[in-house]
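The following paragraphs guide a reader through selected features of one protein model. The sequence and the structure come first, and the explanation follows.

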Amino acid sequence: MLVCSVTLSVLALGAPLASPASPTSPAVSPTAASAEQKEQIPVNARTMTYKDNCEEARDRSEAEGGKGSYGCITLMSPPQGEKAAESMRAQAADVPLPTNECTGDEDGFWYATRTMQCQIDPNVKYTYFDSDGKIAGTALFATAQQMDLSVKSLQWSETDQLVMLKSTGDLPPLTITWTTKCAPTCSPGSTTLWSKQPISVGQRLEKTYAISDTPTTTYDYLDVTYELDIDAPNADQLTPPISWDSEVRCDDKLSIANTSGCVVPWTTPTLSVSRADYGSSADMIDWAQRNLSGHWGLKNTGAPLHRLQKDSDQKANRQAICGTTKFTKDPVITDDTCDEFPFAGTYESGALNGVDHGKDCAQVTAVRADNTGDNATDWPTITPLGPFTGEEKCVRGHIPGSLNSDLGGAYGNFVQSARLADNDGFWLRVTF
C-alpha cells in the first residue's frame, strides 16, 4: 500500500517515472500526513433544524379543547459569539456539562476532523404547560455527541450524552426518549438509546453504540438522524420529537484501492509538509503560495486544492509541464528533477488550467546551502529563475530528486489518511 501511494504521489508531484524514492529519505511523519485541527462547521453546512415546537403544541392543544397538560421542546440555535456561550455556561454552572472532544467549545456548533465530529449544546429547553395552558415549569438540558470514524473501516462508534442542567417552577418527573436512525444502507437502521428513561437535575445519560455501512457500488452518503423526545406523565403528546441530522460518507475501494472506510465529508483536511524533511521542494510550494496569485491551498488566502484521482489524467498533466522534451536537467543540482506545483494529481494543475508547456510556469531552482549529504539540509530553499508576473498558473522547479519524491510520498500518504475522493478539497501548509 505504501509503495502504491508513493508511486501515485511521485506522478502527482512531478518526479520522473524512473526515479524511486531515496532509500535514505526521511520517513513521512504522521503530522505531515494527517495532522489537522477540528474545524467549526457553519450551521448551513448541516441539515440541523433549530426549532421551537411550542407554538405547534399550543395550537394543537387549543384545537383539541385545551383540557390537558402538555410539554414542548425548544432546540435553540448556537449562540453567536463567546459572550452568549459564556451566558449559557453560567446558567448551568451548578451541574457539569458532559465532556468529549468538543469540551471548551460548548456553543452548540458542530466541530469535526476528517474522522471525528462532535458537539456540546447546553441549550435544549423543555417547557411544561398545565391544563389551563399556563407555563408550570421548565427544564434546561445539554446534549453532547461524538462520532469516531475510520478511513479503513465501514463501522464507526458514536457516544451520545444528555444531562439535565436545571429546572424551574412546578415541574413533574420527566422521561427521555432518544432514537438514532441511519439511512439508506446502515446497519442497524435504528438504535434506541433510551425509551421513557426517567431523568432528574444533575443526572447524565450516556450511551456508546456502533453503526456500520453496507457497501454499494457508489459513494454512500449516509444521513444519521437523531430524535429526542422529553415527556411528563399524563401530558398530552401533541408534537413529534425534535430532530437533527449529521452526515457520513463511506466507500468500498472507490477512493483508495483495497480498503473501505468512512469520513466526515464536509471537512477540508490539511496536509502539512515540513521544510526540515522536504527542503527546497517545500520551499517552492511556500514561494508559490505567497508570490503567485493562485495561492493554491493556502488557507485564509487561496482556495483548497482538489485531488485528481485518475492516473491517466495525472500522467497527462505531468507530461504537459515536465515532459522529457520540455525540461532540461541542471547538472549543478543533485539528481535534478522537474518539480511542479500545483501537483499534477490535483485539478489545479497548470495543465488543466491553460498551460501546455512547463516553460509558461514561473521558474525556480534549488539553492545549495551546505554539503552534508542530507538534501533537505543541503538544498533548503529556492530562488526564481528570471522574471515572473505573479499571474502564472503554476511553478516549475529544479529540485533534488529525493526531496521531490519524498514530498510525493507525503501527498500519497495524506490521500489515504484523509481518504480523499476524486475532487475532494484539502489545504496545504508548509511548516518548519
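The model shown here is predicted. A suitable place to begin is strand β17, which spans residues 362-367 and is mostly covered, with 5 of its 6 residues buried. Strand β17 has a partner in strand β19, made up of residues 395-400: 4 bridges join the two, and they run parallel. Within this pairing, V364 stands opposite G397 of β19. A further partner is strand β18, residues 381-384, which is joined to β17 by 4 bridges and runs antiparallel to it. Here V367 stands opposite T381 of β18.

From the strands, the account turns to the aromatic rings. Rings of Phe, Tyr and Trp are taken as a pair if their centres lie within 6.5 Å, and by this rule the model contains 11 aromatic pairs. One of them is formed by Y70 and F129. The ring centres of Y70 and F129 are 4.8 Å apart. Their planes meet at 10°, and because planes under 30 degrees apart count as stacked, this pair is classed as stacked. The contact links distant parts of the chain: Y70 belongs to strand β2 (residues 70-75) and F129 to strand β4 (residues 116-129), with the two positions 59 residues apart in numbering. Are these two residues buried or exposed? The relevant cut-off for a buried residue is a relative accessible area under 20%. Y70, at 3%, is therefore buried, and F129, at 6%, is buried as well.

Another pair has a contrasting label. The rings of W296 and F341 have centres 6.0 Å apart and planes at 80°, so this pair is edge-to-face, since the limit for that class is over 60 degrees. This pair, too, connects distant parts of the chain, its members being 45 residues apart. W296 lies in the loop between α5 (275-291) and β15 (305-306), whereas F341 is in strand β16, residues 336-341. W296 has a relative accessibility of 11% and therefore counts as buried; F341, at 0%, counts as buried too.

Which residues do ring pairs link into a cluster together with W296 and F341? They are F343, Y411, F414 and F426. The edge-to-face pair described above is thus part of a wider group of linked rings.

A final feature involves a charged residue and a ring. K38 lies over the face of Y111, at 5.9 Å from the ring centre.

Notes: Residues are numbered from 1 along each chain as its sequence is written. This is a predicted model: local features need pLDDT of at least 70, side-chain atom pairs count only at pLDDT 80 or more; totals for chains, interfaces and linings use all residues. Side-chain values use heavy atoms; hydrogens and water are left out. Buried means under 20% relative accessible area, exposed over 50%, partly exposed in between (1.4 Å probe, protein chains only). A charge sits over a ring if NZ of Lys or CZ of Arg is within 6 Å of the ring centre and within 35 degrees of the ring normal. Two strands pair if DSSP finds at least two bridges between them.
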